Every structure is written in C-alpha cells, then in structure tokens.
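Student: Hello! I have just opened this structure and would like to learn how to read it, one feature at a time.

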Amino acid sequence: MDQINAKEGGLFESGDEDLELAFRYAVDHVNADTNVLPTSRLQAHIERVEKHDSFTASKKGELFPRS
C-alpha cells in the first residue's frame, strides 16, 4: 500500500515558540510510532502571526485544507 502524506496545520502567534515546538514534537512522535498511522506520514505546516492580529490569522487560516 502507498504511503499517504498529510499536512497538519498549526497557526501560532509570535511568542508562542514553546507551543510551536510542542506541535512539531507531537507530529514527530506520531510519525515515529508506525502503529499509530501505519500507512501515513504527517507533515507539520506552520504559519505565524503577530499577537492580536486576528485579520491576518483568519487569512492564514484559509491556507489550511479542510476535510
């Protein structure tokens, strides 16, 4: 069976480096355990915005695919 690559999006405010690192760690952790998603591999897609900039956040949020 072919491997499926899935992009998982994370939208983070400046100053949220710890949260971004945790997100990247979680994606890596899932990818490392082949029992979790045996035929899939997650890819972290990160976007950053300035604090309290909801307009830019909403625009960048549109970049993430919806299922």
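**Reading the model together**

Tutor: Welcome! Let us begin in a loop: His 52 sits between strand S2 and helix H2 (54-61). Keep in mind that this is a predicted model.

Student: Is His 52 buried or exposed?

Tutor: The general idea is to look at relative accessible area, where over 50% is called exposed. His 52 counts as exposed because its relative accessibility is 75%.

Student: What phi does His 52 have?

Tutor: Start with the general pattern: most residues other than glycine have a negative phi. His 52 has a positive phi of about 65°, although it is not a glycine.

Student: Now the strands, please. In which sense do S1 and S2 pair?

Tutor: When reading a strand pair, look at the sense of the pairing and at the bridges. Strand S1 (residues 4-13) and strand S2 (residues 40-49) are paired in the parallel sense, over 10 bridges. You can check one position yourself: Glu 13 stands opposite Val 49 in S2.

Student: What unit do S1, H1 and S2 make?

Tutor: Follow the chain from one strand over the helix to the other. S1, helix H1 (residues 17-32) and S2 form a β-α-β unit, and this unit is right-handed.

Student: Where is Asp 33, and why does it count as partly exposed?

Tutor: Asp 33 is in the loop between H1 and S2. Partly exposed covers the range between the buried and exposed cut-offs, 20% and 50%. Asp 33 has a relative accessibility of 32%, so it counts as partly exposed. For a sense of distance, Asp 33 and Phe 55 are 22 residues apart in sequence and 37 Å apart in space, C-alpha to C-alpha.

Student: Which residues make up the largest nonpolar core?

Tutor: As a general idea, nonpolar side chains tend to be buried together in soluble globular proteins. Here the largest nonpolar core has 5 residues in all: Phe 12, Phe 23, Val 27, Leu 42 and Ile 46. H1 and S2 are the elements that give two or more residues to this core.

Student: What is Phe 23 in contact with, leaving aside neighbours within four places in sequence?

Tutor: With those neighbours set aside, Phe 23 is in contact with Glu 8, Gly 9, Gly 10, Phe 12, Ala 44 and Ile 46.

Student: Let us compare two residues of H1. Why does Glu 20 count as buried, and why is Tyr 25 exposed?

Tutor: Both lie in helix H1, Glu 20 as well as Tyr 25. Glu 20 is counted as buried because its relative accessibility is 9%, whereas Tyr 25 is exposed because its relative accessible area is 56%. Not counting residues up to four places away in sequence, Glu 20 touches Phe 12, Ile 46 and Arg 48.

Student: And which side chain does Glu 47 join in a polar contact?

Tutor: Glu 47 is in strand S2. At 16% relative accessibility, it counts as buried. A polar contact of 3.4 Å links its side chain with that of His 45.

Student: Finally, what does the UniProt annotation cover?

Tutor: The unreviewed UniProt entry gives "domain: Receptor ligand binding region" for residues 20-59. Over residues 20-59 the chain is 48% helix and 25% strand.

Key. Residues are numbered from 1 along each chain as its sequence is written. This is a predicted model: local features need pLDDT of at least 70, side-chain atom pairs count only at pLDDT 80 or more; totals for chains, interfaces and linings use all residues. Side-chain values use heavy atoms; hydrogens and water are left out. Two strands pair if DSSP finds at least two bridges between them. Helices (H or I, at least four residues) and strands (E, at least two) are DSSP runs, numbered from the N terminus. A crossover is right-handed if, with the strands pointing away from the viewer, the path from the first strand over the helix to the second runs clockwise. Buried means under 20% relative accessible area, exposed over 50%, partly exposed in between (1.4 Å probe, protein chains only). Contact means heavy atoms within 4.5 Å. UniProt positions are given in the numbering used here, feature names are shortened, and annotations may be inferred rather than shown by experiment. A nonpolar core is a set of buried Ala, Val, Leu, Ile, Met, Phe, Trp, Tyr and Cys residues joined through side-chain atoms within 4.5 Å. A polar contact is a pair of N or O atoms within 3.5 Å; within protein, one must be able to donate a hydrogen and the other to accept it, and residues adjacent in sequence count only if both atoms are side-chain atoms.
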